[in-house]
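Please walk through the structure below with me, one feature at a time, explaining how each kind of feature is read before turning to the case at hand.

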Amino acid sequence: MQKVTKSACDSCEHHNALGLKKLGINIENNDYVVALAGNPNTGKSTVFNALTGLKQHTGNWPGKTVTRAEGGYSYSDKKYKLVDLPGTYSLLSTSQDEEVARNFILFGKPDVTLIVVDASRLERNLNLVLQILEITNKAVLCLNLMDEAKRMDIEIDERTLARDLGIPVVPTSARSKEGIPELIKTIHQVATGELKCKPHRIKNIPKHINNAVEKLSSEIEKEYPTIPNSRWIALRLLDGDERIIEAVKTGEFITE
(Lines give C-alpha, C1' and ligand atoms only; values in the text may rest on other atoms or scores of the structure.)
Protein backbone atom coordinates (compact mmCIF):
# COMPACT_ATOMS: atom_id res chain seq x y z
CA MET A 1 0.00 0.00 0.00
CA GLN A 2 1.30 3.44 -0.88
CA LYS A 3 2.10 5.55 2.14
CA VAL A 4 0.16 8.82 2.30
CA THR A 5 2.15 11.74 3.63
CA LYS A 6 0.15 14.31 5.51
CA SER A 7 0.98 17.98 5.18
CA ALA A 8 1.71 20.06 8.25
CA CYS A 9 -1.72 21.64 7.90
CA ASP A 10 -3.47 18.27 7.65
CA SER A 11 -1.94 17.02 10.90
CA CYS A 12 -2.15 20.18 12.97
CA GLU A 13 -4.61 20.53 15.85
CA HIS A 14 -6.32 23.50 14.17
CA HIS A 15 -7.07 21.47 11.04
CA ASN A 16 -8.38 18.45 12.94
CA ALA A 17 -10.63 20.53 15.17
CA LEU A 18 -12.21 22.48 12.34
CA GLY A 19 -12.25 20.01 9.50
CA LEU A 20 -10.57 22.86 7.62
CA LYS A 21 -7.93 22.46 4.95
CA LYS A 22 -6.33 25.62 3.64
CA LEU A 23 -5.96 25.35 -0.12
CA GLY A 24 -4.02 28.55 -0.83
CA ILE A 25 -4.49 29.32 -4.51
CA ASN A 26 -5.66 25.79 -5.32
CA ILE A 27 -9.27 26.75 -6.02
CA GLU A 28 -10.24 24.68 -9.05
CA ASN A 29 -13.54 22.76 -9.08
CA ASN A 30 -14.91 24.64 -6.10
CA ASP A 31 -18.37 23.93 -4.70
CA TYR A 32 -19.08 27.43 -3.39
CA VAL A 33 -17.84 30.98 -3.97
CA VAL A 34 -17.55 33.39 -1.05
CA ALA A 35 -17.13 37.13 -1.64
CA LEU A 36 -15.18 38.92 1.09
CA ALA A 37 -16.37 42.53 1.42
CA GLY A 38 -15.87 45.37 3.88
CA ASN A 39 -14.58 48.84 4.60
CA PRO A 40 -10.82 49.43 4.44
CA ASN A 41 -8.91 48.69 7.66
CA THR A 42 -11.40 46.22 9.12
CA GLY A 43 -8.96 43.29 9.13
CA LYS A 44 -10.50 41.86 5.97
CA SER A 45 -7.16 40.64 4.62
CA THR A 46 -6.37 39.01 7.97
CA VAL A 47 -9.64 37.07 7.77
CA PHE A 48 -8.74 36.07 4.20
CA ASN A 49 -5.32 34.81 5.35
CA ALA A 50 -6.82 32.90 8.29
CA LEU A 51 -9.12 30.98 5.96
CA THR A 52 -6.83 30.36 2.98
CA GLY A 53 -3.33 30.26 4.46
CA LEU A 54 -2.16 32.93 2.02
CA LYS A 55 -0.09 35.89 3.19
CA GLN A 56 -1.62 38.90 1.50
CA HIS A 57 -0.58 42.47 2.21
CA THR A 58 -2.92 44.09 4.71
CA GLY A 59 -2.19 47.67 3.66
CA ASN A 60 -3.92 49.70 0.98
CA TRP A 61 -1.15 49.42 -1.57
CA PRO A 62 -1.49 51.25 -4.91
CA GLY A 63 -3.23 48.96 -7.40
CA LYS A 64 -4.19 46.35 -4.80
CA THR A 65 -7.88 47.13 -5.16
CA VAL A 66 -7.79 46.61 -8.92
CA THR A 67 -6.70 42.95 -8.90
CA ARG A 68 -8.63 41.06 -6.25
CA ALA A 69 -6.93 38.32 -4.25
CA GLU A 70 -8.35 34.80 -4.50
CA GLY A 71 -7.76 31.73 -2.39
CA GLY A 72 -9.49 28.62 -1.18
CA TYR A 73 -10.19 26.23 1.65
CA SER A 74 -11.95 22.92 2.13
CA TYR A 75 -14.47 22.29 4.91
CA SER A 76 -16.88 19.39 5.47
CA ASP A 77 -15.92 17.84 2.12
CA LYS A 78 -16.76 21.05 0.25
CA LYS A 79 -14.32 23.34 -1.53
CA TYR A 80 -14.72 27.09 -1.09
CA LYS A 81 -13.27 29.76 -3.35
CA LEU A 82 -12.74 33.03 -1.45
CA VAL A 83 -12.60 36.29 -3.41
CA ASP A 84 -11.19 39.26 -1.50
CA LEU A 85 -12.96 42.32 -2.93
CA PRO A 86 -11.59 45.88 -2.75
CA GLY A 87 -12.15 47.62 0.56
CA THR A 88 -14.83 50.25 0.04
CA TYR A 89 -17.25 52.43 1.98
CA SER A 90 -20.11 52.23 -0.52
CA LEU A 91 -21.47 50.29 -3.50
CA LEU A 92 -22.88 53.26 -5.39
CA SER A 93 -20.20 52.84 -8.07
CA THR A 94 -18.73 56.33 -7.81
CA SER A 95 -15.18 54.92 -7.89
CA GLN A 96 -13.38 52.00 -9.51
CA ASP A 97 -13.11 50.18 -6.16
CA GLU A 98 -16.84 50.46 -5.56
CA GLU A 99 -17.67 49.27 -9.06
CA VAL A 100 -15.40 46.21 -8.80
CA ALA A 101 -16.90 45.20 -5.44
CA ARG A 102 -20.50 45.84 -6.43
CA ASN A 103 -20.26 44.15 -9.80
CA PHE A 104 -18.84 40.97 -8.31
CA ILE A 105 -21.55 40.72 -5.65
CA LEU A 106 -24.28 41.48 -8.20
CA PHE A 107 -23.03 39.79 -11.38
CA GLY A 108 -20.59 37.23 -9.95
CA LYS A 109 -23.43 35.72 -7.89
CA PRO A 110 -21.33 34.49 -4.94
CA ASP A 111 -22.97 31.79 -2.84
CA VAL A 112 -22.18 33.76 0.31
CA THR A 113 -21.04 37.34 0.87
CA LEU A 114 -18.90 37.59 3.99
CA ILE A 115 -19.02 41.18 5.27
CA VAL A 116 -16.14 42.10 7.59
CA VAL A 117 -16.71 45.05 9.93
CA ASP A 118 -14.62 46.72 12.63
CA ALA A 119 -16.38 46.00 15.94
CA SER A 120 -14.77 49.08 17.50
CA ARG A 121 -16.25 51.33 14.79
CA LEU A 122 -19.43 49.46 13.95
CA GLU A 123 -21.69 52.43 13.23
CA ARG A 124 -19.55 53.77 10.38
CA ASN A 125 -19.41 50.26 8.84
CA LEU A 126 -23.17 49.71 8.74
CA ASN A 127 -23.74 51.86 5.64
CA LEU A 128 -21.91 49.33 3.47
CA VAL A 129 -23.57 46.40 5.27
CA LEU A 130 -27.06 47.71 4.51
CA GLN A 131 -26.16 48.36 0.87
CA ILE A 132 -24.88 44.80 0.45
CA LEU A 133 -28.04 43.39 2.05
CA GLU A 134 -30.07 45.22 -0.59
CA ILE A 135 -28.24 43.17 -3.25
CA THR A 136 -27.90 39.67 -1.86
CA ASN A 137 -30.02 37.27 0.19
CA LYS A 138 -27.10 35.20 1.51
CA ALA A 139 -24.62 36.97 3.76
CA VAL A 140 -22.67 36.56 7.00
CA LEU A 141 -21.44 39.45 9.14
CA CYS A 142 -17.95 38.98 10.56
CA LEU A 143 -17.73 41.23 13.61
CA ASN A 144 -13.94 41.49 13.54
CA LEU A 145 -11.45 43.24 15.84
CA MET A 146 -13.45 42.24 18.91
CA ASP A 147 -10.22 42.45 20.92
CA GLU A 148 -9.96 46.15 20.04
CA ALA A 149 -13.61 46.70 20.95
CA LYS A 150 -13.12 45.05 24.34
CA ARG A 151 -10.00 47.14 24.97
CA MET A 152 -12.14 50.24 24.36
CA ASP A 153 -14.90 48.88 26.66
CA ILE A 154 -17.33 48.55 23.75
CA GLU A 155 -19.98 45.87 24.17
CA ILE A 156 -22.00 44.54 21.22
CA ASP A 157 -25.07 42.34 21.50
CA GLU A 158 -24.44 40.18 18.44
CA ARG A 159 -27.74 38.31 18.82
CA THR A 160 -29.77 41.52 18.63
CA LEU A 161 -27.63 42.72 15.72
CA ALA A 162 -28.22 39.43 13.88
CA ARG A 163 -31.97 39.73 14.47
CA ASP A 164 -32.09 43.33 13.23
CA LEU A 165 -29.95 42.64 10.13
CA GLY A 166 -31.55 39.28 9.36
CA ILE A 167 -28.22 37.52 8.84
CA PRO A 168 -25.83 35.52 11.06
CA VAL A 169 -23.29 37.58 13.05
CA VAL A 170 -20.01 36.01 14.18
CA PRO A 171 -17.62 37.86 16.55
CA THR A 172 -13.94 37.34 15.67
CA SER A 173 -10.42 38.50 16.38
CA ALA A 174 -8.84 37.21 13.20
CA ARG A 175 -5.26 38.03 14.23
CA SER A 176 -5.47 35.48 17.05
CA LYS A 177 -7.85 33.16 15.15
CA GLU A 178 -10.53 33.73 17.80
CA GLY A 179 -13.98 33.03 16.34
CA ILE A 180 -12.63 31.64 13.07
CA PRO A 181 -14.00 28.10 13.69
CA GLU A 182 -17.49 29.54 14.23
CA LEU A 183 -17.12 31.74 11.15
CA ILE A 184 -16.17 28.78 8.94
CA LYS A 185 -19.12 26.74 10.21
CA THR A 186 -21.57 29.62 9.69
CA ILE A 187 -20.39 30.27 6.12
CA HIS A 188 -20.93 26.58 5.40
CA GLN A 189 -24.44 26.64 6.90
CA VAL A 190 -25.48 29.63 4.80
CA ALA A 191 -23.89 28.24 1.62
CA THR A 192 -25.64 24.88 1.98
CA GLY A 193 -28.97 26.42 2.95
CA GLU A 194 -28.94 25.04 6.49
CA LEU A 195 -29.18 28.63 7.74
CA LYS A 196 -31.71 30.88 6.00
CA CYS A 197 -31.10 34.62 5.80
CA LYS A 198 -33.85 37.23 5.87
CA PRO A 199 -31.80 40.38 5.25
CA HIS A 200 -32.99 43.80 6.34
CA ARG A 201 -34.22 45.91 3.43
CA ILE A 202 -34.71 49.67 3.55
CA LYS A 203 -38.44 50.47 3.51
CA ASN A 204 -38.82 54.07 4.69
CA ILE A 205 -38.67 55.80 1.31
CA PRO A 206 -41.23 58.34 0.02
CA LYS A 207 -44.51 56.78 -1.12
CA HIS A 208 -44.31 58.01 -4.73
CA ILE A 209 -40.79 56.62 -5.08
CA ASN A 210 -41.78 53.34 -3.45
CA ASN A 211 -44.70 52.98 -5.87
CA ALA A 212 -42.36 53.49 -8.82
CA VAL A 213 -39.89 51.00 -7.38
CA GLU A 214 -42.58 48.37 -6.83
CA LYS A 215 -43.91 48.76 -10.37
CA LEU A 216 -40.47 48.60 -11.98
CA SER A 217 -39.40 45.74 -9.70
CA SER A 218 -42.44 43.76 -10.84
CA GLU A 219 -41.50 44.26 -14.48
CA ILE A 220 -37.92 43.17 -13.81
CA GLU A 221 -39.14 39.99 -12.10
CA LYS A 222 -41.35 39.17 -15.09
CA GLU A 223 -38.30 39.39 -17.35
CA TYR A 224 -35.89 37.69 -14.90
CA PRO A 225 -38.02 35.46 -12.58
CA THR A 226 -35.10 34.06 -10.55
CA ILE A 227 -33.40 37.35 -9.75
CA PRO A 228 -33.10 37.93 -5.95
CA ASN A 229 -32.54 41.69 -5.98
CA SER A 230 -35.08 43.24 -8.34
CA ARG A 231 -36.01 45.98 -5.87
CA TRP A 232 -32.42 47.19 -5.57
CA ILE A 233 -31.99 47.09 -9.34
CA ALA A 234 -35.18 49.11 -9.74
CA LEU A 235 -33.83 51.74 -7.35
CA ARG A 236 -30.57 52.00 -9.31
CA LEU A 237 -32.44 52.23 -12.63
CA LEU A 238 -34.54 55.09 -11.31
CA ASP A 239 -31.32 56.77 -10.19
CA GLY A 240 -29.98 56.54 -13.75
CA ASP A 241 -27.15 54.11 -12.98
CA GLU A 242 -25.66 53.50 -16.45
CA ARG A 243 -23.91 50.25 -15.45
CA ILE A 244 -27.17 48.72 -14.22
CA ILE A 245 -29.08 49.99 -17.26
CA GLU A 246 -26.57 48.19 -19.49
CA ALA A 247 -26.85 45.03 -17.39
CA VAL A 248 -30.63 44.99 -17.76
CA LYS A 249 -30.31 45.39 -21.52
CA THR A 250 -27.83 42.52 -21.84
CA GLY A 251 -29.34 40.22 -19.20
CA GLU A 252 -25.97 40.04 -17.46
CA PHE A 253 -27.41 39.09 -14.10
CA ILE A 254 -29.64 36.24 -15.20
CA THR A 255 -29.32 33.44 -12.64
CA GLU A 256 -29.23 29.78 -13.55
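The dialogue that follows takes up the overall fold, two helices, a pocket, a buried aspartate and some backbone angles.

Q: What kind of model is this, and how are its residues numbered?
A: This is a predicted model, in which local features need pLDDT of at least 70 and side-chain atom pairs count only at pLDDT 80 or more, while totals for chains, interfaces and linings use all residues. Residues are numbered from 1 along each chain as its sequence is written, and side-chain values use heavy atoms, with hydrogens and water left out.

Q: How many helices and strands does the protein have, and what percentage of its residues count as buried?
A: Helices (H or I, at least four residues) and strands (E, at least two) are DSSP runs, numbered from the N terminus; here they come to eleven helices and seven strands. Buried means under 20% relative accessible area, exposed over 50%, and partly exposed in between, with a 1.4 Å probe and protein chains only; of the 256 residues, 47% count as buried. Taking contact to mean heavy atoms within 4.5 Å, 70% of the contacts between residues at least 6 apart in sequence join residues at least 24 apart.

Q: How far apart are the end C-alpha atoms of α9, and which of its residues are buried?
A: The expected span of a helix is 1.5 Å times one less than its number of residues; for the 17 residues of α9 (residues 207-223) this gives 24 Å, and the end C-alpha atoms are 25 Å apart, which agrees. Val-213, Ser-217 and Ile-220 are the buried residues of α9. Seen down the axis, they fall within an arc of 60 degrees (taken from the directions from the helix axis to the C-beta atoms), so they line one face of the helix. These buried residues pack against α10 (230-238), whereas the face turned away from the buried side carries the exposed residues Lys-207, His-208, Lys-215 and Lys-222.

Q: Why is α3 described as largely enclosed by the rest of the structure?
A: Eight of the nine residues of α3 (residues 44-52) are buried, so the helix is largely enclosed; among them are Lys-44, Phe-48 and Asn-49.

Q: What lines the second largest pocket?
A: Rolling a probe the size of a water molecule over the atoms shows where empty space is left. A pocket, on a 1 Å grid over the protein atoms alone, is an open set of points where a 1.4 Å probe fits, with protein on both sides within 12 Å along at least five of seven lines, and lining residues have an atom within 4 Å of a point. The second largest pocket is lined by 14 residues, of which Glu-134, Ile-202, Trp-232, Leu-235 and Arg-236 lie nearest its centre. The elements giving two or more residues to this lining are α5 (122-135) and α10, with the largest share, four residues, coming from α5.

Q: Is Asp-241 buried or exposed, and what does it touch?
A: Asp-241, in the loop between α10 and α11 (242-250), is buried, with a relative accessible area of 8%. Beyond its neighbours within four places in sequence, Asp-241 is in contact with Leu-92, Arg-102 and Arg-236. Of these, Arg-102 belongs to helix α4 (residues 96-107) and is buried, with a relative accessible area of 0%.

Q: Where are Asn-41 and Asp-77, and what is the sign of phi in each?
A: Most residues other than glycine have a negative phi. Asn-41, in the loop between β2 (32-38) and α3, has a positive phi near 65 degrees and is exposed at 59% relative accessible area. Asp-77, in the loop between β3 (69-75) and β4 (78-84), has a positive phi of about 65 degrees and counts as exposed at 76% relative accessibility.
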